[in-house]
2 protein chains.
Amino acid sequence: MKNFSFHNPTRIVFGKDCVAKLNKFIPEKERVLVCFGGGSVRFNGVYNQVKATLSGYTVHEFWGIEPNPSVETVRAAVAEGKSFNATCVLAVGGGSVLDACKLIAAALTTDVDPWEITRAGVCKTYLPLYTVLTVPATGSEMNSGAVISNKATGEKFPVTCGFPVVSFMDPSFCLTLGQRQRACGIADAYVHVLEQYLTFPQSGIMDRMAEGVLKQLIDIAPKCVKEELDYDTASEYMLTATIALNGFLGMGVVPDWATHFIGHEITALTSITHAETLTMILPHLWYVLLDHKQEKLAQYARRVWHITDIKDERKLALRAIERTVKFFRDLGLATSMLEKNVDPEVGNEIIERFYKRNTSLGEGQICTPELIEAVIRRSQQVKF
Amino acid sequence: MKNFSFHNPTRIVFGKDCVAKLNKFIPEKERVLVCFGGGSVRFNGVYNQVKATLSGYTVHEFWGIEPNPSVETVRAAVAEGKSFNATCVLAVGGGSVLDACKLIAAALTTDVDPWEITRAGVCKTYLPLYTVLTVPATGSEMNSGAVISNKATGEKFPVTCGFPVVSFMDPSFCLTLGQRQRACGIADAYVHVLEQYLTFPQSGIMDRMAEGVLKQLIDIAPKCVKEELDYDTASEYMLTATIALNGFLGMGVVPDWATHFIGHEITALTSITHAETLTMILPHLWYVLLDHKQEKLAQYARRVWHITDIKDERKLALRAIERTVKFFRDLGLATSMLEKNVDPEVGNEIIERFYKRNTSLGEGQICTPELIEAVIRRSQQVKF
């Protein structure tokens, strides 16, 4: 286990009707910039609940944060927040709204352009951020990360901001989500765990916890993507997606994240949903890096998929990949760029970008531009 | 899953030589009351490391916090801290030193007697508390709980205080611990997980994580109690004991804690080590509450002990108890009061106390004074 530091100061207020407690946590003198997505919260009751609990506050509403939030939208929100003299930000929505609001909360404290902050990779000052989560998937409600797109350049990068002060999570809000949205949420959370776990043996305690969270996602996936979602399954889904990326599974271990970096490029160029870019890259990355990842893939096969009839490590590793592909396909998601008919030029552009940047990805930077090319070529050529 | 709130603001700084970073986190203007146990830190290098990193600070040392720390000692430390005008507290030691320092940090902000604070059950104000952990077991380094004894009355009660601001955890410090101390640490952490997990089915995600942590403790126990402990096993042991009781496993679930409440009484009257009071009560409590706990015991048998050849739920539950008893016995710990020759009068006194207080324990207060009596009688009469 490596030396590490862990700190996650976000308070979670979880459960039915928890939004009514917003005014117990946001000081009444605050000038609250409330940011929303496209408007679905107007129809599922969330907007009315937020409005009711903030009735005594000075509030300015900003609408229209899009999926894969753009720095262009962040700039517009920051301009409105500055003329309103916002003293805190409340994000109401899914991971995209929350991510955008992290950067908005930071940009409201400085004159530096939000894209410059994003490219610097880290924000040093920020207004207090509160969140009301409506779509479980990204874990943004309990971490300090955000991913921001630039429409002008077709780029998408992660940036480290502040942790939310309090995040309000009412599983009832999941009940109106579509089946595909829930499937994407499960896949996203599953890959978040794998990006931290599926490297090489590093920590017994992190492995055991990550394996538990993976098994939980496998347990709940079938119920979670049914037409009718029940409250109890929604609670499990919501809390599990948070734990998949709030740092609990990442103490003292070197993570991978190569699939995410490649996936972000696909989304930036095609607008394919984040989760599906992950499911169309991850299995191919595992094939290309099979020698590096074999030991951990075999452990994952034994402990998570309970495969007991194969002793050969290589075969176990391959079986682990097959089972993971089946898991993604059962969720209705594509597992190759070929299957999704991604324009071959997109792959070429991404490959070129990684060569140009000359960055290697993954644990110990094992995934060089050459290997990134091999991963993308495989996803372009091989269906599962 | 129940509605819940979660907040754990403690920062963990973990790994070899982390104590050298103390002065990066404690502001230099602070007047630091540094509290120690009996003096073992003078011989294992910990004291010198702490002294070196605090060389620029105004410091007052308080020595002599005993195992199962007493309110009498807390009062003495508070008196010294008040005349020193302490502005923060640094605890250097195991769970007992840390627990005492939580109450000291609180009592330094008020004129209320520390025992009065303990009996009120919660502290509202406290000085910033920093900790250097030397003995993994209680999880006190990353939670807000403390357990305080009263020598005069022979009582022992838990109290909720503040979370440490930063806890420094260097696994090297575990290398000088005795085998029995490590065995007790493993048992204590194991029971901490069970007190949160072994109730009735409540939350899929909490179950999966708790099962992972239990398996991890089973994995590392044999290496952890060997004569020679290696650094890597020490890291696993140290971090796992923290996670066993830092709230990660308790979100949205009703815990048990009956074994702890009974165990605290045994320690208060006999000075038997905390962990061993747990191992001599828990199996008997499970027998007495078998009907209530059967479903979860059977799940624990299947998922943690991988018992696949028994289908009958009752038999599975009984097998789970047997395996747990064997786990404790392999650690060298007693699993009944009879075996440890506890004076029968001690049992009688404890039973009388619970009748007098008329308190029921456990999830949903299922463990009435009558059932507490049955648990203690069984532990007094039945060896495993």
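**Entry 1: the two domains of chain A**

I started with how chain A is divided, and the domain assignment gives domain 1 (11–174) and domain 2 (179–380). A reminder to myself: this is a predicted model. I then looked up the centres of the two domains of chain A, taken over C-alpha atoms, and found 27 Å between them.

Next I wanted to know how many residues of each domain are in contact. I got 25 residues from domain 1 of chain A and 26 residues from domain 2 of chain A. I noted that the size of an interface is often given as the accessible area lost when the parts come together. For domain 1 and domain 2 of chain A, the buried area comes to about 2000 Å². Carbon and sulfur atoms give 65% of that area.

I also went looking for charged pairs, and the count of salt bridges between domain 1 and domain 2 of chain A is zero. Polar contacts do turn up between these two domains of chain A: I have five residue pairs, both residues at pLDDT 80 or more. On the domain 1 side, strand S8 (residues 155–160) of chain A gives the most to the surface that touches domain 2, with four residues. I sorted that side of domain 1 of chain A by residue type and wrote down twelve nonpolar, eight polar and five charged.

**Entry 2: chain B against chain A**

Now for the two chains. I found 38 residues of chain B in contact with 37 residues of chain A. Together chain B and chain A bury about 3300 Å², with 58% of it on carbon and sulfur atoms. Which residues of chain B lose the most area to chain A? They are B:Met1, B:Ile205 and B:Arg208, together 19% of what that side buries.

This time my search for salt bridges gave two across the interface of chain B and chain A. One I looked up is B:Asp219 with A:Arg208, where the closest N and O atoms are 2.9 Å apart. I also have 22 residue pairs in polar contact across this interface, both residues at pLDDT 80 or more.

I then asked which elements of chain B give two or more residues to the side that touches chain A. My list is strand S1 (4–6), strand S2 (11–14), helix H7 (204–224) and helix H8 (231–243) of chain B. H7(B) gives the most to that side, with ten residues. By type, the residues of chain B that touch chain A divide into 17 nonpolar, 13 polar and eight charged.

**Entry 3: strands that pair**

I found strand pairing between the chains too: strand S1 (residues 4–6) of chain A and S2(B) run antiparallel over three bridges. For A:Phe4, the bridge partner in S2(B) is B:Phe14.

Last, I looked at a hairpin within chain B. Strand S7 (residues 145–150) and strand S8 (residues 155–160) of chain B pair in the antiparallel sense over six bridges. I checked B:Ser149 and found B:Lys156 as its bridge partner in S8(B). Four residues lie between the strands of this hairpin of S7(B) and S8(B), where B:Gly154 takes a positive phi near 65 degrees.

Notes: Residues are numbered from 1 along each chain as its sequence is written. Chains are lettered from A and ligands numbered from 1 in the order in which they are written. This is a predicted model: local features need pLDDT of at least 70, side-chain atom pairs count only at pLDDT 80 or more; totals for chains, interfaces and linings use all residues. Side-chain values use heavy atoms; hydrogens and water are left out. Contact means heavy atoms within 4.5 Å. Buried area is the accessible area (1.4 Å probe) that two parts lose on being put together, summed over both. A salt bridge is a side-chain nitrogen of Lys or Arg within 4 Å of a carboxyl oxygen of Asp or Glu. A polar contact is a pair of N or O atoms within 3.5 Å; within protein, one must be able to donate a hydrogen and the other to accept it, and residues adjacent in sequence count only if both atoms are side-chain atoms. Ala, Val, Leu, Ile, Met, Phe, Trp, Tyr, Cys and Pro count as nonpolar, Asp, Glu, Lys and Arg as charged, and the others, Gly among them, as polar. Two strands pair if DSSP finds at least two bridges between them. Domain bounds come from an automatic or database domain assignment.
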